[in-house]
Amino acid sequence: MTSVVQLIRSDALSDVAEYAYAATVPAGTRLVFLAGSCPLDVDGSTVAVGDVRGQAAQCVANLRTALAAAGADLGDLVQTRVLVASSRQADLVAAWEVVRAAMGDHDVPSTLLGVTVLGYDGQLVEVEAVAAVAD
């Protein structure tokens, strides 16, 4: 199935960012608002404690599962927000590299944030997202 998401770029903005600067979806499209995807296993335990990349990978895996339950996949994402509990830019970049690699050619508009703390013990990464699918 082809995605209804149209990624928008502008020659007036830097091409340094590894994502489109905007995205649109046609009227009548069903929007899917996903809770923050956390690095939890099916038992609710935080995985890869102390490992930003490992937690980012688990967040992406859980995001894929939530998307599938809504009839969507990563190619249907309209926007993401990657939160990393760290003040170290290297940690933010490490999480971003994992999430960005999972997106492939669908370089959805994204925001990367360093935050003070996240909700689960040992949690370093969370990924929020919005998707759109045709009904």
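This is a short walk through one predicted model, from its sheet to its helices, its aromatic rings and its cysteines.

Let's start with the sheet. It is open and has four strands. The order is E3-E6-E4-E5, and the pairing is mixed. Which strands sit at the edges? Strand E3, residues 30–37, and strand E5, residues 110–115. Each of those two pairs on one side only. On average, neighbouring strands in this sheet are turned by 10° against each other, direction ignored.

Now go through the pairings. Take E3 and E6, where E6 covers residues 125–133. These two run antiparallel, and six bridges join them. If you want registry, here are two points. Leu34 stands opposite Ala129 in E6. Arg30 stands opposite Val133 in E6.

Next pairing: E4 with E6. Also antiparallel, this time over seven bridges. For a registry point, look at Val84, which stands opposite Val125 in E6.

Then E4 with E5. What is the sense of that pairing, parallel or antiparallel? Parallel, over six bridges. Arg81 stands opposite Thr111 in E5.

A word on E6 itself. How many of its nine residues are buried? Eight, so the strand is mostly covered.

On to the helices. H1 spans residues 52–69 and packs on the sheet. The strands it touches are E3, E4 (77–85) and E6. The direction of H1 makes about 25° with that of E6. H2 packs on the sheet too. Its strand contacts are E4, E5 and E6. Against E4, the direction of H2 makes about 155°. And H2 has a second role in the layout: E4, H2 and E5 make a β-α-β unit, and that unit is right-handed.

Now the aromatics. Searching the whole structure gives two aromatic pairs. The pair of Tyr19 and Tyr21 has ring centres 5.8 Å apart. The planes sit at 70°, so this pair is edge-to-face. Tyr19 also pairs with Trp96. That one is edge-to-face as well: 6.0 Å centre to centre, with 85° between the planes.

Where do Tyr19 and Trp96 lie? Tyr19 is in the loop between strand E1 (6–8) and strand E2 (22–24). Trp96 is in helix H2, residues 89–103. So the pair ties together parts that are 77 residues apart in sequence. Put the three residues together, and Tyr19, Tyr21 and Trp96 form one aromatic cluster.

How exposed are these rings' residues? Tyr19 has a relative accessible area of 27%, so it is partly exposed. Tyr21 is partly exposed as well, at 37% relative accessibility. Trp96 is at 11%. The cut-off for buried is under 20%, so Trp96 counts as buried.

Cysteines next. How many disulfides does a search of the whole structure find? Zero. Take Cys38 and Cys59. Neither Cys38 nor Cys59 is in a disulfide. From Cys38, the nearest cysteine sulfur is that of Cys59, 6.3 Å away. Why does this pair not count? The cut-off is sulfur atoms within 2.5 Å, and these sulfurs are 6.3 Å apart. As a reminder, a disulfide is a covalent bond between the sulfur atoms of two cysteines. Cys38 is buried, with a relative accessible area of 11%. Cys59 is buried too, at 0% relative accessibility.

Last stop, Val4. It lies in the segment before E1. Buried or partly exposed? Partly exposed, with a relative accessible area of 21%. What does Val4 touch, leaving out residues up to four places away in sequence? Thr24, Val25, Pro26 and Thr29, and then Ala132, Val133 and Ala134. One of those, Val133, is the residue in E6 that stands opposite Arg30. For distance, take Val4 and Ser110, which are 106 residues apart along the chain. Their C-alpha atoms are separated by 18 Å.

To recap. The sheet is open, four-stranded and mixed. H1 and H2 pack on it. Tyr19, Tyr21 and Trp96 make up one aromatic cluster. The search finds zero disulfides. That's the tour.

Terms used. Residues numbered from 1 in each chain as written. Predicted model: local features only at pLDDT ≥ 70, side-chain atom pairs only at ≥ 80, totals over all residues. Heavy atoms only, no water. Phe/Tyr/Trp six-rings, centres within 6.5 Å; stacked < 30°, edge-to-face > 60°. Buried < 20%, exposed > 50% of the residue type's maximum accessible area, 1.4 Å probe, protein only. Pairing = 2+ DSSP bridges. Axes fitted to C-alpha atoms, helices over the stretch in contact; angles between N-to-C directions. Contact = heavy atoms within 4.5 Å. Right-handed = clockwise from strand over helix to strand, strands pointing away.
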